[in-house]
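Here are some worked exercises for getting to know a new structure. Try each task on the model first, then follow the solution step by step.

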Amino acid sequence: MKQTGYFINKELPAEIDSKLTPLMREGDRLIFVIVGDLTRKAGYGTTAFAVTETRFITVDPGLEGGVSEGLISDVESAAVKRMYGNAELRIKTKNGTTVTALRFTYAVATLCDMAAQFIGNVAAGKDLAEECETVAGTYEKLLCVCPRCGRRLLRPGAECINCASKGKIVKKLMKYVRPEAVRLFICLLLSGLSTALALLPPYITKTLVDDILPNKRSDKLLLVVAMLGGSYILGVTINIIKAYTLRVSSDRMIEALRNDVYKHAQYLPMKFYDKTSTGSVINRISGDTGTINGFVLRISQEVIVQFFLLIGIIVIMFVMDWKLTLLSLAPVPLVVVGAKWFGRRIAPFYRRIWRRWAAVTSVLTDSLPGIRVVKAFTGEKRAVERFEQYNDEWYKVDVQSARITTAFPQVISFVITCGSLLIWAVGGHWVIAGAGISAGLLVSFISYTSMFYGPVNFFAYLNDSYQQALAAVERVFDILDAEPEVPEGKGEKLDKVEGKIEFRNVNFSFDRTKKTLSDINLTIEPGDIVGIVGTTGSGKTTLINLLMRFYDNYEGDILLDGHNIKDLDIEFYRSQIGYVQQEAMLFRDTVFNNISYSKPGASVDEVIHAADVANAHEFIARQPDAYDTMLGERGVGLSGGEKQRISIARAVLKNPSLMIFDEATASVDSETENLIQEAIERLISGRTTIMIAHRLSTLRKANKIIVVDQGHIIESGSHEELMALKGKYYRLVEIQSMSDKIRASKESENFD
Amino acid sequence: MGRIYIRGDEVRFERKDSLTVDAIFYDGNVIRDVEPRRLFPVSGGNKYITLLDSNGKEQALIPDLATLMPESRQIIESCLSEYYMIPKILKVLDRTEKFGILKWTVETDRGEVTFTIQNRHSDIKIFYDGRVLVRDSNDNRYEIPDNRALDPKSRKLLGYDL
């Protein structure tokens, strides 16, 4: 391709280039190319969709001649038809025919969405330069993906944590090792000392056997035995001190690591929790951190000690007699090869065991909090069966791995024993034949050999524990490396928040298969009370989720007082919002602490005032323990309406500039609804308020109503305007007033 | 709920385009421009096929494709195979892993392809009959009909992941 400066998602393949180049014309600039991955017959293959200022071109081996082109000016509309695992870009021309311009997998779906929008807008006569800017934005965002692993990056060109080298892991773990460096170094010195001491006894034994015993030197005997005893006592003392110091620093390391993982987990975006079960997160914080810590200790301590022990023994042995040394080294290759084989066999098992175990814990975390549902639907037996089934799966895999893990050490120690047999047989023969080897030398050699296999064994197993630790590291760093929702403490803080909110061309999908929100444009003026209505699943709550910044991966912009909310400090931003959910979420704590959760350190007066505003004070005062009432898990002990009022009090206390109610009154009776409604009306005066509501009566104060349907805003305006429009809102009101009338007449029947 | 069930030869299907059909009833009723979709795309295969109109509203339900007339069945099946693209993995050519992100290069019934899997725990589903469903980082789906029936090299490569 001669022209440059166009956008493309990957390198242009030669076979596409050769088809595309002849179609390029002077004066008709190429704007972007999408390299696709599927032919129109739904087989994998390289295709392309190119768009110039006036034309669109498809290169697809499934087409007759391999290419086709069309004029943008002939286009009536363009849209992406999403199917299962694949999608099509369909273009409808003004003469009424619809053509499939490109078929593709979801890998390029975002680009094709953009292409459809571009072609549609340009055909409708919108400004080309402006559309090109959107194209540039989409491609730029795409480049925010690590080219190697496909992981989304925080900003273009950022380093991908996933693709960092193994040295990076060490560096990361160093963060926890460094504060303990002095202690660990002391431990290391102590270990070195005790190792050196351990090398002494066999040497002393040699003197005993070769010198003192044959020469009957009773005077020296006591001295040498005392030396032997002294070295044992010293060794034990050193080991006690070392073990204690090591325990302290290892506990400190694990404490720091656990704290970090928990802290990081708190800041992870909702997207992470949508995909990862809480059980597995708990497992990682409680179990995996320990495994990692154990491994760090092994690496920082034992590896060094064992290494020097190994070298020390070999050197001493060689100095004493090289022939015997070679003899005792003979089984080493067997041990090493065996360990390698073992490592390969065992690695998948650790993973499988962990997976099965995670499944077991996820049954726990699933069924115990939902115990009411389990009991209500008499699911106890099923829950038990399910647990037993998963537990049994775990059992099977663990037993499978036990076959290898238990047999292997025995086999290794057998091989080592064979080694000493060899020394007895051959060495003993040399002693008898008088080949320059004394009995004492032979005895001390046997001791050294048995010591020698300690480190060999250690290194043989190192791989095993490395594998185990690696699996744990992988899971813990999955949390530590996951991009937190926003860099902490960064971003603007506004002096004063007026409460103007704008949604500009917002599009969002949880995954690429289905668009949850499309083309949302919305302006909310300060002090507005906005009602959002729509059927369930229409996207109302998602709209709020975006506004709360629970999800950041939407397209388009959301602005607060003219500032992009992504540029604001997240802590500051969220502190401006009072959020009341449909399901009141209360912590296992006192009523007082539950209310003051939104404003730590709030005075008693403030909390009581907030409870007053929320119509909660009275019922709290009626409780025997009043504000000190301990709530059970999820607020057990209070009615739904009472919990809801506590959560409203929580929002009140914060004194936010923006209030959001997500069907706050959906699950309470009419009387409580009135109490809550009253509280809400007190609360929202002068604040920008967004209310999602099923019961349209809740929205009587709203000065603007937005109707959402299938991810689109289909109507917006005041109650009167929408009623006059006789659209969806009108129909919803009709239905509800009808059912209200029925209810009213039934109630009056009952009371008569 | 007045759901229309289609259980036999009372209906003839006519193909409109690659994804849509007309259902012509024996009694003269016609349901136009409906898309067949699976109600159980993961577990059910050709049982419970729903027919959706262009607004996504269900117009009729086919409990079992096997009860239809052969030509009608063929039409529905070809619509479904257009809509649902779940390549069958026949052979695993390469598997690498970095920090928990897997990269598989596989041979499927639709050609060779390389993809990444973000989360081994939630994106790979193994069934008792040996079937494995895989979702890649772009939300595309793949299927291994029976992982025990794969060739030894593929099985060895996947030993870490299954």
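**Exercise 1.** Find which residues of helix 2 of chain A meet which residues of helix 3 of chain A, and work out how the two helices run relative to each other.

*Solution.* Keep in mind that this is a predicted model.
- Step 1: From helix 2 of chain A, pick out Thr110(A), Leu111(A), Met114(A), Phe118(A), Asn121(A) and Val122(A). They meet Leu128(A), Glu131(A), Thr134(A), Val135(A), Thr138(A) and Leu142(A) of helix 3 of chain A.
- Step 2: Sort this contact by class: 7 residues are nonpolar, 4 are polar and 1 is charged.
- Step 3: Now turn to the axes of helix 2 (residues 109-123) and helix 3 (residues 128-142) of chain A, which are 10 Å apart and meet at an angle of about 180°. Angles over 145 degrees count as roughly antiparallel, and therefore helix 2 of chain A is roughly antiparallel to helix 3 of chain A.

**Exercise 2.** Describe the open sheet of 5 strands in chain A and place helix 2 and helix 3 of chain A on it.

*Solution.*
- Step 1: Read off the order, which is 1-2-3-4-5, with mixed pairing.
- Step 2: Find the edges. Strand 1 (7-8) and strand 5 (67-71) of chain A each have a single partner strand, so one side of each has no neighbour in the sheet.
- Step 3: Look at one pair in detail. Strand 4 (residues 55-59) of chain A joins strand 5 of chain A through 5 bridges, in the antiparallel sense. Here Phe56(A) has Gly70(A), in strand 5 of chain A, as its bridge partner.
- Step 4: Add the helices. Helix 3 of chain A packs on the sheet and touches strand 1 and strand 2 of chain A, making about 45° with the direction of strand 2 of chain A. Helix 2 of chain A lies across strand 2 (30-38), strand 3 (44-52) and strand 4 of chain A, at about 30° to strand 3 of chain A.

**Exercise 3.** Which residues touch the most other members of the largest nonpolar core?

*Solution.*
- Step 1: This core has 64 residues, and the ones to mark are Ala610(A), Ala614(A), Ala649(A) and Val652(A).
- Step 2: Helix 19 (residues 640-653) of chain A gives the largest share of the core, with 6 residues.
- Step 3: Zoom in on Ala610(A): setting aside neighbours within four places in sequence, Ala610(A) contacts Ile595(A), Ala649(A), Val652(A) and Leu653(A).
- Step 4: Another core, of 55 residues, lies apart from this one and includes Leu30(A), Val51(A), Ala109(A) and Ile119(A).

**Exercise 4.** Move to chain B, and trace its open sheet of 5 strands and the hairpin of strand 10 and strand 11 of chain B.

*Solution.*
- Step 1: The sheet has the order 1-2-3-4-5 with antiparallel pairing. Its edge strands are strand 1 (11-15) and strand 5 (58-64) of chain B, each pairing on one side only.
- Step 2: Inside the sheet, strand 3 (residues 30-38) and strand 4 (residues 47-52) of chain B run antiparallel and are joined by 4 bridges. Pro36(B) stands opposite Leu51(B) in strand 4 of chain B.
- Step 3: For the hairpin, strand 10 (residues 132-135) and strand 11 (residues 141-144) of chain B pair in the antiparallel sense over 4 bridges. Val132(B) has Ile144(B) as its bridge partner.
- Step 4: There are 5 residues between these strands, and Asp139(B) takes a positive phi near 70°.

Methods. Residues numbered from 1 in each chain as written. Chains lettered and ligands numbered in written order. Predicted model: local features only at pLDDT ≥ 70, side-chain atom pairs only at ≥ 80, totals over all residues. Axes fitted to C-alpha atoms, helices over the stretch in contact; angles between N-to-C directions. Parallel < 35°, antiparallel > 145°, perpendicular 65-115°, else oblique. Contact = placed C-beta atoms within 7 Å. Nonpolar A, V, L, I, M, F, W, Y, C, P; charged D, E, K, R; others polar. Pairing = 2+ DSSP bridges. Core = buried A, V, L, I, M, F, W, Y, C linked by C-beta atoms within 7 Å. Buried ≥ 20, exposed ≤ 12 C-beta atoms within 10 Å, placed from the backbone.
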